[in-house]
Amino acid sequence: QNIMNSLRQLRRPVGRLSGLACRTMSNTATFDLSNTFNMHNLDTKPNTETTATTEELLDYFETMYTIRRMEIECDTQYKSRNIRGFCHLYDGQEAIATGINSVFTKEDSWITSYRCHAIALIRGGSVKKVLAELYGKHEGYTKGKGGSMHFYNKEHGFFGGQGIVGAQVPVGVGLAFEAKYNAKEGEPMNVALSAYGDGAANQGQIWESANMAALWKLPAIFCCENNNYGMGTSVERHTSNPGGEYYKMGNAIPGIKIDGMNVLAVREGMKFVKDYCSSGNGPMYVEMETYRYHGHSMSDPGTTYRSRDEIAKTRSARDPIEFVKKALIENGLKEEGEIKEIEKRIRKEVSKASKEAMAGEVPPAEELYSYVYAEDGSKEKTEKQKFIRMPQFENSVRA
């Protein structure tokens with residue numbers, strides 16, 4: 001196990017927390033990203049030097065810190081039994097969602113797995129609305145009926161989390177087909193990203209979808225968020241691909257591996273990927289090398305297949321939020337005290353949103369049969385159908 005852990009640490013991109021900034025000018029810093037990308041079947045690569053303004057870094061920091069605090073609140077409320085059922089947290093992986101979102105527009109499509117709270121938040125959502133859904137309240141994303149795995153916001157190009165492992169990928173390729181079908185001649189196409197974990201990477205439906213995307217040169221991005229463990233199984237034990245290098249899964253499809261703990265690397269990498277796919281070159285595999293701090297889900301302690309020491313070392317050496325915080329402080333863009341005030345404000349905002357969400361309304365009984373049956377083909381029919389049996393509270397044991 002110790003050998004596996006050592007190999008896993010060596011396999012990760014270098015992406016240091018400090019020393020990345022080459023120079024600072026007024027409110028802009030320049031960063032070296034030369035050790036954050038690996039390429040497959042590609043002659044070009046993303047920019048290995050990039051700049052970021054104080055405003056950009058602060059925006060990334062606030063976004064990631066809000067995600068982190070929201071997921072910690074989910075952990076607390078789950079343990080207090082205010083959240084029931086499945087619950088998969090995203091803390092540790094915040095740089096991926098934040099970096100991708102900085103490049104995407106609302107017209108670009110994004111579909112992901114059941115680990116979807118963060119995507120729902122940054123694609124037009126709010127902490128209150130996300131938590132209301134998790135608490136089963138009518139004010140939630142899907143009116144309290146979907147829960148942790150089924151967020152959705154078409155207006156902002158987010159086509160949801162999927163409860164079935166890998167099931168989102170064929171849908172994502174369908175979104176890529178739509179993007180190409182509706183593209184205006186001579187203009188870049190919108191792209192469609194299908195995100196999945198390393199545990200889903202060997203699903204047959206992903207290979208089938210990739211074949212179709214390559215045949216039709218669809219603007220599809222197959223994004224594997226490799227957090228090194230498929231549920232509780234390390235990559236060394238669940239893939240025959242040497243080193244678990246998922247960006248090399250395509251014989252004809254090019255790939256790129258990105259340090260998913262570095263938001264600037266994700267941003268620049270995804271600029272490159274989007275430009276490639278939107279220009280009619282076909283799909284691309286993207287592997288985001290990342291790490292989740294919680295277990296696979298709230299029912300998984302996350303310490304039976306990896307050591308607490310491994311988790312602690314990753315937090316101290318590669319935390320994505322600490323990277324941005326240090327970038328701001330070490331380049332003289334913000335004082336440490338200013339950052340602490342921002343953290344304090346966000347913690348208060350998340351706590352307030354949680355209380356407001358908890359005070360929401362339970363969905364009315366009529367919601368049980370809305371969006372179930374539409375005889376006339378309409379989007380919604382709320383009339384109760386004779387074949388729907390309502391709860392019989394008089395025969396139920398209630399607290």
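This briefing covers the overall make-up of the chain, its aromatic pairs, its charge-over-ring contacts and one pair of strands.

The model is predicted. Its chain holds twelve helices and twelve strands. Of the 399 residues, 51% are buried.

**Overall make-up**

- Contacts between residues at least 6 apart in sequence are dominated by long separations, with 72% of them joining residues at least 24 apart.
- The chain has an accessible surface of about 18700 Å², and carbon and sulfur atoms account for 49% of that area.

**Aromatic pairs**

- A pair of aromatic rings is described by two quantities, the distance of the centres and the angle of the planes.
- With ring centres within 6.5 Å as the criterion, the chain has ten aromatic pairs.
- One of these pairs is F31 with F323, whose ring centres are 6.5 Å apart and whose planes meet at 50°, so the pair counts as tilted. The tilted class lies between the cut-offs of 30 and 60 degrees.
- F31 belongs to strand β2 (residues 28-32) and F323 to helix α11 (residues 320-330), so this pair ties together parts of the chain that are 292 residues apart in sequence.
- F31 and F323 are both buried.
- F104 and W110 form an edge-to-face pair, because their planes stand at 70°, and the cut-off for that class is over 60 degrees. The centres of these two rings are 5.8 Å apart.
- Both F104 and W110 are buried.
- F177, Y181 and W216 are linked by ring pairs into a cluster.

**Charges over rings**

- K129 is placed over the face of Y141, at 4.9 Å from the ring centre.
- R315 has its charged end over the ring of Y293, at 4.0 Å from the centre of that ring.

**Strands β2 and β4**

- Strand β2, which contains F31, runs antiparallel to β4. Five bridges join the two strands.
- Within this pairing, T30 has T51 of β4 as its bridge partner.
- In a regular strand, side chains alternate between the two faces of the sheet.
- Strand β4 (residues 49-53) shows such alternation. T50 and A52 point to one face and are buried, whereas E49, T51 and T53 point to the other face and are not buried.
- T51, the bridge partner of T30, is thus among the β4 residues whose side chains point to the face that is not buried in this strand.

Notes. Residues numbered from 1 in each chain as written. Predicted model: local features only at pLDDT ≥ 70, side-chain atom pairs only at ≥ 80, totals over all residues. Heavy atoms only, no water. Helix = DSSP H or I, 4+ residues; strand = E, 2+ residues; numbered from the N terminus. Buried < 20%, exposed > 50% of the residue type's maximum accessible area, 1.4 Å probe, protein only. Contact = heavy atoms within 4.5 Å. Areas by Shrake-Rupley, 256 points an atom, 1.4 Å probe, with all protein chains shown as cover. Phe/Tyr/Trp six-rings, centres within 6.5 Å; stacked < 30°, edge-to-face > 60°. Lys NZ or Arg CZ within 6 Å of the ring centre and 35° of its normal. Pairing = 2+ DSSP bridges.
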